[in-house]
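I opened my notebook today to look at rings, charges and empty spaces in one protein. Here is what I looked up, entry by entry.

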Amino acid sequence: MKRLFQTQSPARLIALGFASVILIGSILLILPCSVQEGVALRYIDALYTSTSAVCVTGLIAVDAGDTFTPLGQFFLAMLIQVGGLGVTSVGAGIILAMGRKIDQKGRTLILEASNLNSRGGIIRFVQSVLRITLIFEMAGAALSFLVFVQDYPPLQALGISLFHSVAAFNNSGFDILGNLQNLIPYRNDIILNLVTCGLIFFGGIGFLVIREMWVHKLHWKKYSMHAKVVLTVSAALIVVGTILLKLTENITWLGALFHSVSARTAGFSTYSLGGFTNAGLLVLIVLMFIGASPGSTGGGIKTSTFFVLIQGIKSAATNKSEKAFRHAVPKDAFRKAAVITLLALAVVIGGTWLMLIMEPDVSLIDALFEITSAFGTVGLSTGITTGLGVGAKLLSILIMYIGRLGPLTVASLWYFTQGERVSFPEGNISIG
């Protein structure tokens, strides 16, 4: 077993790790002690829920508040936590807590899963990830408790607050309020809206950026190029998304801000998306496709990928070098960004096509929205998820899994490194 572990690529081990946690989670969720009395839970729905939790998506086949017992909801929160932090980071944290050392293979896995560029300080990075997560989630739970305690008994309000904070920081749109209501009853609650937005934002910018913000405080010039790109693009998308949603939908500015933030992979909603116009849904689809940032708890093609694409297009149009924040963009960055985006588009378009075949009564915009939400590990839906058939749910499970791992990682699972035996002369192709 150990030899098999050593011979597998990091990408495969990460993929197997997530798949194993999903399967274990599905078994835990379908246990009699996890399901409320009188509720019949099919295994496909338990598997769907486990996948949605581990992939920090939030799409629901059954309502978590009406289906699961407090123990089942605890299992669900743990699956969200493991999925958000990453199997490798959680595993490394457990190993460190046991006082054992992490070998070179383990360090390589952490390096691959966390998008780190150097092996230096990996252990300190894992420790800081766990510390940051604890601080944000405890602070979020405390602030959320001030809101929920007004409507629920203190002990229940505490449980709801802890669950909500874990779900929000890990960019997973699950709630345990029941009746498929999500956060609609709290659409006008400024505190809960802003706390949730804050948790989503910091969970979505990535642990590397959070650590830089902690170390350098507000000294913008000391931030790395990566941190500047992530913060700038994230802020721009939030502002542009808020304005466009306000222009297209009959919602408040607070609602527009909340959905602009949430659509970037969190999946909470304070308005029913089934009532949104096609223009508003298109705005959300674009935000969901771009997603969060590298090394974060969110999905999508990532803000840095989107930024590099824009810079590459700008460079091609103006015949100027790609640069930003007094740094040159790495030469191979545009190629990687283009590959990731094309693979992502292939997954979304192919998934939408299959969804329309399996569910012919579903409209194109609803199918596209559902698949993009699954790929971006967002969790927003126009309301079609619970009515999907087994085939469509299995398709959604696969899309969520691909979205959490990343299309490039999935594409490399079958890749074996071998030197090219034959070289060919460079040909000529007309482009554009």
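**Entry 1: aromatic rings.** Before looking for a cluster I needed a rule: rings of Phe, Tyr and Trp (its six-membered ring) pair if their centres lie within 6.5 Å. I also noted that this is a predicted model. By that rule I have 8 aromatic pairs on my page. One of them is Phe136 with Phe169, a stacked pair with 5.3 Å from centre to centre and 15° between the planes. I then asked which helices hold these two rings. Phe136 lies in helix α8 (residues 122-148) and Phe169 in helix α9 (residues 154-169), so the pair ties together parts that are 33 residues apart in sequence. Phe169 is buried, and its relative accessible area is 0%.

Next I turned to Trp220 and Tyr223. Their ring centres are 5.6 Å apart and their planes stand at 55°, so I wrote this pair down as tilted. Planes under 30 degrees apart would count as stacked and over 60 as edge-to-face. Are these two residues buried or exposed? Trp220 is partly exposed at 37% relative accessibility, while Tyr223 is buried at 6%.

Then came the cluster: Phe136, Phe169, Phe201, Phe202 and Phe207 form one aromatic cluster.

**Entry 2: charges over rings.** I looked for charged side chains above ring faces. The charged end of Arg187 sits over the ring of Tyr271, 4.1 Å from the ring's centre. I found Lys217 over the face of Trp214, at 5.0 Å from the ring centre.

**Entry 3: Thr133.** I went back to helix α8, where Thr133 has its place. Thr133 counts as buried, with 4% relative accessibility. What does its side chain meet? A polar atom of the Thr133 side chain lies 2.8 Å from the backbone oxygen of Val129. Leaving out residues up to four places away in sequence, I listed Gln81, Leu85, Phe169 and Phe207 as residues that Thr133 touches. Two of those names were already in my notes, as Phe169 and Phe207 belong to the aromatic cluster.

**Entry 4: empty space.** How many cavities of 30 Å³ or more does the structure hold? I noted 2 of them. The largest cavity has about 80 Å³ of space. Its lining includes Asn171, Phe201, Ser234, Arg264 and Ser293. Helices α10 (190-205) and α12 (225-248) each supply at least two lining residues, and α10 gives the most, with 4 residues. Phe201 thus appears twice in my notebook: in the lining of the largest cavity and in the aromatic cluster.

Note on methods. Residues are numbered from 1 along each chain as its sequence is written. This is a predicted model: local features need pLDDT of at least 70, side-chain atom pairs count only at pLDDT 80 or more; totals for chains, interfaces and linings use all residues. Side-chain values use heavy atoms; hydrogens and water are left out. Buried means under 20% relative accessible area, exposed over 50%, partly exposed in between (1.4 Å probe, protein chains only). A charge sits over a ring if NZ of Lys or CZ of Arg is within 6 Å of the ring centre and within 35 degrees of the ring normal. A polar contact is a pair of N or O atoms within 3.5 Å; within protein, one must be able to donate a hydrogen and the other to accept it, and residues adjacent in sequence count only if both atoms are side-chain atoms. Contact means heavy atoms within 4.5 Å. On a 1 Å grid over the protein atoms alone, a cavity is a set of points where a 1.4 Å probe fits but cannot get out, and a pocket is an open set with protein on both sides within 12 Å along at least five of seven lines; lining residues have an atom within 4 Å of a point. Grid points are joined across faces, edges and corners, and a volume is the space filled by probe spheres set on the points.
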